Amino acid sequence: MTSARVADSTGNWVDTRAPEWARPYLRISRYDRPIGSWLLLMPCWWSAALAAGMAHDISRLPLTIALFLIGAFVMRGAGCAWNDITDRDLDAQVERTRSRPLPAGQVSVKQALAFLVVQALIGLVVLLQFNRFAVATGIASLVIVAIYPFMKRVTWWPQAFLGLAFSWGALMGFAVTFGRIDLTALVLYAGAIAWVIGYDTIYAHQDAEDDALIGVKSTARLFGAHTHQALIMFYGLAVMLIGVALASGDARWPAWLGLAAFALHLAWQIKRLRIDDPALCLRLFKSNKHAGLLLFAGLFADAVLRAI
């Protein structure tokens with residue numbers, strides 16, 4: 001088995017430090033490019049911090065943050081493996097993805113499934129550290145994760161289904177802290193979904209031409225030349241809904257400062273975007289990690305302030 005590099009991810013720690021035998025497995029789960037794990041993690045951290053602030057108790061917040069970090073990385077890895085298993089024939093037809101381990105023949109479907117199961121079991125161990133309601137809430141997300149890879153074949157809105165999956169953490173913080181999901185959590189979840197639709201539309205513009213040739217649908221193709229206007233709508237909706245969640249949760253000034261920084265970052269992305277520049281699209285997509293961390297910093301500071 002060879003472990004040739006993936007075309008759109010080179011020069012990373014997997015290429016230079018990981019054992020040769022492990023490289024295809026790490027690549028199939030995207031440990032060579034962890035941006036997706038960070039983006040999955042952000043709504044988890046937002047909700048954990050907001051819920052802790054509402055509870056005026058940060059005693060368990062550091063542990064919750066750490067567990068969410070581990071869980072986000074292994075479950076995103078398992079999700080990517082599932083995505084590559086279902087998309088292996090499509091990936092073979094796209095320039096950017098045909099060198100991925102499955103279409104390139106570096107691992108078999110059975111081997112990919114085995115690695116998926118290992119990561120999912122680690123995720124289950126993390127999930128079992130929480131209360132029963134949180135465990136059930138976490139397991140419920142698997143339904144969306146399972147169907148997401150097929151959505152690009154049947155709808156122009158696969159990014160919305162990704163939003164449903166990648167924003168699930170906005171519910172988990174409340175499930176862990178309160179053992180319930182209330183209106184504040186649902187509004188935060190809706191805001192996170194709008195954010196995901198926006199940033200994944202930017203990401204999808206990298207493959208818009210290949211997607212058109214093979215018949216794969218996306219919001220990037222749907223919006224086309226109107227992408228900037230669509231981003232104004234979705235990013236604006238994200239900021240508004242997250243603001244409603246903060247107001248509902250009686251957030252104080254640090255959280256609002258974090259939201260303002262988040263909003264400014266999203267506005268900067270829209271201003272910089274050129275949909276005909278794939279490299280720029282990728283950079284702007286990745287920058288959403290920083291946008292999410294700015295909001296989290298405000299929410300964390302708010303939680304500390306309210307617990308004093």
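## Two loop residues with positive phi

At a relative accessibility of 6%, arginine 30 counts as buried, since the cut-off for that class is under 20% relative accessible area. In this predicted model, arginine 30 sits in the loop that joins helix 2 (23-28) to helix 3, and its phi is near 65°, a positive value in a residue other than glycine.

Aspartate 250, in the loop between helix 12 (227-248) and helix 13 (253-272), also has a positive phi, near 55°, and is likewise a residue other than glycine. Aspartate 250, however, is exposed, with a relative accessible area of 59%.

## Nonpolar cores

The largest nonpolar core holds 74 residues, and the members that touch the most others within it are Trp46, Phe68, Trp195 and Phe262. Helix 3 (residues 35-55) gives the most to this core, contributing 13 residues. When residues up to four places away in sequence are not counted, phenylalanine 262 touches Trp46, Trp195, Val239, Ile242, Ala291, Gly292, Leu294 and Leu295.

A second core, separate from the largest one, has 16 residues, among them Tyr31, Val74, Leu102 and Val107.

## Helix 9

Helix 9 (residues 183-204) is largely enclosed by the rest of the structure, because 18 of its 22 residues are buried. At 1.5 Å a residue, those 22 residues should span 32 Å, and the end C-alpha atoms of helix 9 are 31 Å apart, which agrees with that expectation. At the start of helix 9, the backbone nitrogen of threonine 184 has a side-chain oxygen of aspartate 182 within 3.3 Å.

Key:
Residues numbered from 1 in each chain as written. Predicted model: local features only at pLDDT ≥ 70, side-chain atom pairs only at ≥ 80, totals over all residues. Heavy atoms only, no water. Core = buried A, V, L, I, M, F, W, Y, C linked by side-chain atoms within 4.5 Å. Buried < 20%, exposed > 50% of the residue type's maximum accessible area, 1.4 Å probe, protein only. Helix = DSSP H or I, 4+ residues; strand = E, 2+ residues; numbered from the N terminus. Contact = heavy atoms within 4.5 Å. Expected span 1.5 Å × (residues − 1). Polar contact = N/O pair within 3.5 Å; in protein donor to acceptor, adjacent residues only side chain to side chain.
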